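Student: I'd like to learn how to read packing and contacts in a model like this one. Can we go through it feature by feature?
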Amino acid sequence: MRAEQRDRQFEILLGQLLRIGFLLSAAVVLAGGLLYLIQYRHQSPQYQMFRGEPTDIRYVADVLRYALGGHSRGLIQLGLLLLIATPIARISFSVIEFARQRDWLYVTTTVIVLAVLIYSLASS
Amino acid sequence: MHATTLEFTLLVAFGSLLAGLLGSLTGLGGGVVIVPFLTLLFHVDIRYAIGASLISVIATSSGAAAAYLREGYSNMRVGMLLEVATSVGAVCGAYLATRIPTGAIAIIFGVVLLYSAWTSVRPLPDLSAGQPPDRLAGLLKLDGSYPTPEGRFEYHPRNVPAGFSLMYAAGLLSGLLGIGSGAVKVLAMDRAMRIPFKVSTTTSNFMIGVTAAASAGIYLHRGYIDPGLAMPVMLGVAAGALAGARILPGAKVRTLRIAFAVAIAAIAIQMIYKGVGGKI
């Protein structure tokens, strides 16, 4: 029962972490979105044809540079990166918690998931 | 559609709000409606639509997690074990999405929609009661309990390999179509593994953020995620879903669920039709 209580407390902590990540990213996306609407309000969006996004908002380092330069689309993309980073942070915390519990089986599973997530974000 | 950016953004935000609200009230999720909504109504290329939908799935999962986790139904170890399957599946699905024609994606999307609509109206008995402990599930520490008015209800998941394989398929579909694949997860957790309904719903909401994040990185590099489109979709769906979760306990959802399932089935047929005709 003690282990179960500890898991419960940890779950509540993870829930708070996820909510903070969500609120933070939503705030950045909203700020970028308002700026975007001001900057682009008279243009017509073109989504019928797939061209793929310009390369300056496809990679983490470029998004950061673009966003810090005050570009609205870069700022939104930064918020989206924060959103993607939130579950990654959740997994990282889980690795630490399972290591503290000396639960090596679940250290292994969470490390695999963390590796898959980092691979995906760092790929190409 | 020659709307200005402002008009387009407001329309998409409003539609996403509605999609998130209906998706959360009916348990189908916002993602299943957002892709047809963007492709059929606004003629958005399905790849941009899938990218934006996937983002909204992560937002909904993270935004709702605190409330779900506090209730004490979720099973963290079940979630973290099955995330190995869903995240690997999601990466494979995202790669697959970049290789198969968009018409084929639309057809698969339509079939998954039809299946989801069907499962959402079919009443399913809870199979979790009276299951004996399972050796593999015990070794993996998956057994759990949750509070009920009559004390703690203990449950013993089983058929771990079958559940794990089905979760890989759920991850694959999530990465391919930009949805949460709730219907396949129900199949894996409720049907195969015999996990109680409340545990499986809250645990799968917890898992979907990680699953979607696993394909989101690949989508980002492939240029599927457009900030101008993802912004109203993410904010709209998340706001709608969180509002839906608040009114859900007091809502009578049976009629709404049937009406929504019929609408989804009609949309599914249109997706398949357009996919076969190569018009998507």
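Tutor: Let's start with a definition: a salt bridge is a side-chain nitrogen of Lys or Arg within 4 Å of a carboxyl oxygen of Asp or Glu. Before we use it, note that this is a predicted model, where local features need pLDDT of at least 70, side-chain atom pairs count only at pLDDT 80 or more, and totals for chains, interfaces and linings use all residues. Residues are numbered from 1 along each chain as its sequence is written, chains are lettered from A and ligands numbered from 1 in the order in which they are written, and side-chain values use heavy atoms, with hydrogens and water left out.

Student: Okay, how many salt bridges does a search of the whole structure find?
Tutor: The general idea is that side chains of opposite charge can pair when their charged atoms come close. Here the search gives eight over all chains, and five salt bridges lie across the interface of chain B and chain A. One pairs Asp103(A) with Arg77(B), at 2.8 Å from N to O. Arg73(A) and Asp226(B) form a salt bridge too, at 3.2 Å, N to O. That pair crosses between chains, from helix 3 of chain A to the loop between helix 9 and helix 10 (227-247) of chain B. Helices here are DSSP runs (H or I, at least four residues; strands are E, at least two), numbered from the N terminus.

Student: What area do chain B and chain A bury between them?
Tutor: About 5700 Å², with 67% of it on carbon and sulfur atoms. Buried area is the accessible area (1.4 Å probe) that two parts lose on being put together, summed over both. Thr5(B), Met76(B) and His221(B) supply 13% of what chain B buries against chain A, more than any other three residues. The contact (heavy atoms within 4.5 Å) takes 67 residues from chain B and 64 residues from chain A.

Student: Now helix packing. At what angle do helix 3 and helix 4 of chain A cross?
Tutor: Two packed helices are described by the angle between their axes and the distance between the axes. Axes are lines fitted to C-alpha atoms, for helices over the stretch in contact, with angles from 0 to 180 degrees between N-to-C directions. Helix 3 (residues 72-100) and helix 4 (residues 104-122) of chain A cross at roughly 155°, their axes coming within 9 Å. They are therefore roughly antiparallel to each other. The cut-offs: under 35 degrees is roughly parallel, over 145 roughly antiparallel, 65 to 115 roughly perpendicular, and the rest oblique.

Student: Is that crossing left-handed or right-handed?
Tutor: Left-handed. A crossing is left-handed if the near helix is turned anticlockwise from the far one by less than a right angle, and right-handed if clockwise.

Student: Which helix pair of chain B is oblique?
Tutor: Try helix 7 (residues 160-177) and helix 9 (residues 197-221) of chain B, packed at about 45° with axes 9 Å apart. That angle makes helix 7 of chain B oblique to helix 9 of chain B, and the crossing is right-handed.

Student: And how do helix 5 and helix 11 of chain B pack?
Tutor: Helix 5 (residues 102-121) and helix 11 (residues 254-276) of chain B pack at about 160°, with axes 8 Å apart. That makes them roughly antiparallel, and their crossing is left-handed.
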